[in-house]
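Student: I should like to go through this model and ask, for each term applied to it, what justifies the term. May we begin with the contacts along the chain?

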Amino acid sequence: RTFTINEIGLPVTAVPLLATPAIKFMIYEASQNNSPCVLLHESLPLVMTAAGYASSALDFTFSKSKRYWIGCRFSGGLTVRSLPVAGLPSLGYATNSATAAATILRRTLAFATSAPTTFAIASADFVSSAMPDIRLRIA
């Protein structure tokens with residue numbers, strides 16, 4: 001079904017004392033092969049000074065005829081609530097010699113840099129790790 005959200009957020013469980021960490025959220029449209037492709041939304045940085053719920057207001061409509069990837073980026077060593085690896089679906093194996101199934105896509109880039117407008121997946125992006133507990137609020 002098509003639906004609109006008015007907030008995207010993530011529980012932050014710990015904030016380092018001597019830093020000004022921040023979070024950004026992204027939404028990518030999926031390509032024909034279901035991998036993230038075109039950046040549709042990147043939030044402004046949300047500076048966190050204490051543990052709590054980090055959220056960003058937005059007006060975004062998810063279409064029933066499309067698939068999406070939702071992500072986040074952190075700076076400054078934040079600790080966020082995550083979903084455990086054992087409860088996540090497998091994305092497959094990054095290489096034929098990998099010993100653990102990938103559960104998320106992760107890419108490292110400088111926080112000040114904007115998210116890529118197109119996301120071309122590389123085998124290094126496939127990681128077996130807990131997934132941040134990103135939440136959407138339906139309008």
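Tutor: In this predicted model, residues 24 or more positions apart account for 72% of the contacts in the protein with a separation of 6 or more.

Student: What makes a pair of residues count as a contact here?

Tutor: The pair must have heavy atoms within 4.5 Å. Leu 44 offers an example: leaving aside residues up to four places away in sequence, Leu 44 touches Ile 23 and Lys 24.

Student: What secondary structure does the protein have?

Tutor: The protein has 0 helices and 12 strands. Read from the N terminus, the order of elements is β-β-β-β-β-β-β-β-β-β-β-β.

Student: How do you know whether the radius of gyration agrees with that of a compact globule?

Tutor: For 139 residues, the globule rule gives a value near 14 Å, and the protein has 15 Å; the two therefore agree. Along the principal axes, the C-alpha atoms fill a box of roughly 40 × 35 × 30 Å. The accessible surface comes to about 8,100 Å², with 55% of it belonging to carbon and sulfur atoms.

Student: Why is Thr 103 called buried?

Tutor: The term requires under 20% relative accessible area. Thr 103 has 9%, so Thr 103 is buried. Of the 139 residues in the protein, 35% are buried.

Student: Where does Thr 103 lie, and what does Thr 103 touch?

Tutor: Thr 103 is placed in the loop between strand 8 (82-83) and strand 9 (104-105). Not counting residues up to four places away in sequence, Thr 103 touches Val 85, Leu 88, Pro 89, Leu 91, Val 127, Ser 128 and Ser 129.

Student: What makes the approach of Thr 103 to Ser 129 a polar contact?

Tutor: The cut-off for a pair of N or O atoms is 3.5 Å. The side chain of Thr 103 reaches the backbone oxygen of Ser 129 at 2.7 Å, so the distance satisfies the criterion.

Student: Why is Leu 44 called exposed?

Tutor: The threshold for that term is over 50%. Leu 44 has a relative accessible area of 70%, and is therefore exposed. Leu 44 is in the loop between strand 3 and strand 4 (46-47). Leu 44 and Thr 2 are 42 residues apart in sequence, and their C-alpha atoms are 25 Å apart in space.

Student: Is Asn 34 buried, exposed or partly exposed, and what is the reason?

Tutor: Partly exposed, because its relative accessibility is 35%, and the term covers values between 20% and 50%. Asn 34 is found in the loop between strand 2 and strand 3 (36-42).

Student: What makes the backbone of Asn 34 worth a remark?

Tutor: Asn 34 has a positive phi of about 70 degrees although it is not a glycine. Most residues other than glycine have a negative phi.

Student: How do you know that strand 2 and strand 3 pair?

Tutor: Pairing requires at least two bridges. Strand 2 and strand 3 have 5, in the antiparallel sense, so the requirement is met. Ile 27 stands opposite His 41 in strand 3. The two strands form a hairpin with 5 residues between them, and Asn 34 is in the turn.

Student: Which residues have the most contacts inside the largest nonpolar core?

Tutor: They are Val 12, Ile 23, Phe 25 and Met 48, in a core of 17 residues. Strand 1 (3-14), strand 2 (22-30) and strand 5 (52-62) each give two or more residues to this core. Another core, of 6 residues, lies apart from it and includes Met 26, Tyr 28, Leu 105 and Phe 119.

How values were computed: Residues are numbered from 1 along each chain as its sequence is written. This is a predicted model: local features need pLDDT of at least 70, side-chain atom pairs count only at pLDDT 80 or more; totals for chains, interfaces and linings use all residues. Side-chain values use heavy atoms; hydrogens and water are left out. A nonpolar core is a set of buried Ala, Val, Leu, Ile, Met, Phe, Trp, Tyr and Cys residues joined through side-chain atoms within 4.5 Å. Buried means under 20% relative accessible area, exposed over 50%, partly exposed in between (1.4 Å probe, protein chains only). Helices (H or I, at least four residues) and strands (E, at least two) are DSSP runs, numbered from the N terminus. A polar contact is a pair of N or O atoms within 3.5 Å; within protein, one must be able to donate a hydrogen and the other to accept it, and residues adjacent in sequence count only if both atoms are side-chain atoms. The radius of gyration is taken over C-alpha atoms; the globule rule is 2.2 Å times the number of residues to the power 0.38. Accessible areas come from the Shrake-Rupley method with a 1.4 Å probe; for residues, only the protein chains shown count as cover.
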